[in-house]
Amino acid sequence: MSDFGVILIDKPPDITSFDVVRKLRKITGIRKIGHTGTLDPFATGLLQICIGKATRVVSKLTQNDKTYLATCKLGIQTNTGDLTGEMIREEDLPKISKEKLNNIIPEILKIRSQIPHKFSAVKVDGKRAYELARNKLEVNLKPRSITISEFSIENYKDNELTYIALVSKGTYIRVLTETIAEKLGTIGTTKTLRRTKIGDLELKNAIKLEDLNESNWKDHLIPLNQVFSNHTKIHIESEQQQIYKNGGYITTLMEDNDDVIVLDNTDKCIGFGIIEEGLLKPKLVFI
C-alpha cells in the first residue's frame, strides 16, 4: 500500500484543524501532512487530511464545493458570529411564518458575494483578521465572490433555524447565518456547524479522530485515484514512467485536457498532467 493519500476525519468540537494535523503526525510518524479547508474550533465534521506526497494536491482539493449543516439561533448576535463569542445584541423576534422562511430561499441562492467575518483567518496587512479583532482594532475586509448552489431549511423551532447549504470555496457560514437572520428581519448567530461533504467525499466515510491509531491509519488512507475518481485518467506503461518521471513528454491518442490523473498499470496515481496536441506533459510527479 502507498504511504500517501487522503484520510477523512470527522473532526470533534473544541479543537482546531491544525490540532488534527498535529495528532495525525504523531500517529503516522509522517511530518508532511496538511488539511484542505479549516473548520472553526467549535465546528465538527469532514476534514480532508493529505498525507505525505498527497500534500501536493491540497490546492486542487481546496477548490471543491462544501456542504454544511448549520443551526442558527435567532434573536441574538455575538462578536464572533457563533456562541463562543460575546453577546453584543439581543432582541425580540418578529413573527416568522413558514411562507417567510420559504421566501428567503431564492434570495439566499442569489447571493454572489460576501464580506468575510472580522473573526476569520483572512490576512490583513500580514496579520490574521481575528488577531486584530481580538485587540479591538479596526478590520476592513473586502467582499469576495461566492456561490451558494443549494440551500434548504430543515427545521425551525424554539427560535432556532437549521439549514443545509452547498457553497463554494471561501464562503463563511457564520456570515451566511447572519445574512439569513437579516432577511428574516432579525439578528442571529451560528449555534452549531457540521461539514458533511467536500466535493464527492462524504462524512459517512470519515473516521472519528479518537478511533484512529498507529496500527489502523493505513486502512483509512484513500489513494488519489479514488479521491479524484471523476478526473480523466491516463495509464502509462512501465517503460514510459522513467520518461514521465524525468519531465519528458509521452505520445497519446487522447484529446486535449488540462488536468488528467496519471496512473500506472496497477491504477496507482503517479502524477497529474496536461494533454496537448497528442502529448502527455507532466504537471505533478509522484514517482
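**Close-ups around helix α5**

**View 1. The end of α5 in this predicted model.** Just past α5, G185 adopts a positive phi of about 80°. The helix itself covers residues 173-183.

**View 2. The buried side of α5 and what packs over it.** Zooming in on the helix, the buried residues are I173, R174, V175, L176, T177, I180 and A181. A handy reminder here: an α-helix has 3.6 residues a turn, so residues three or four places apart point the same way. The cover over the buried residues of α5 includes strands β4 (66-74), β7 (113-114), β11 (148-157), β12 (160-167) and β13 (188-198), along with helix α3 (98-109).

**View 3. The largest pocket, with a volume of about 1200 Å³.** This pocket is lined by 37 residues, and T38, L39, D40, A121 and Y172 sit closest to its centre. Helix α5 turns up here too: α1 (17-28), β4, α4 (129-134), α5 and β13 each chip in at least two lining residues. Sorted by class, the lining is a mix of 14 nonpolar, 13 polar and 10 charged residues.

**View 4. The second largest pocket, with a volume of about 230 Å³.** Of its 14 lining residues, the ones closest to the centre are I115, P116, H117, K118 and E178. Both β5 (76-78) and α5 hand over at least two residues to this lining, but α5 gives the most, with 4 residues. By class, the lining of the second largest pocket splits into 6 nonpolar, 5 polar and 3 charged residues.

Notes:
Residues numbered from 1 in each chain as written. Predicted model: local features only at pLDDT ≥ 70, side-chain atom pairs only at ≥ 80, totals over all residues. Heavy atoms only, no water. Buried < 20%, exposed > 50% of the residue type's maximum accessible area, 1.4 Å probe, protein only. Contact = heavy atoms within 4.5 Å. 1 Å grid on protein atoms, 1.4 Å probe; cavity = no way out; pocket = protein on both sides within 12 Å on 5 of 7 lines; lining within 4 Å. Points joined across faces, edges and corners; volume = space filled by probe spheres on them. Nonpolar A, V, L, I, M, F, W, Y, C, P; charged D, E, K, R; others polar.
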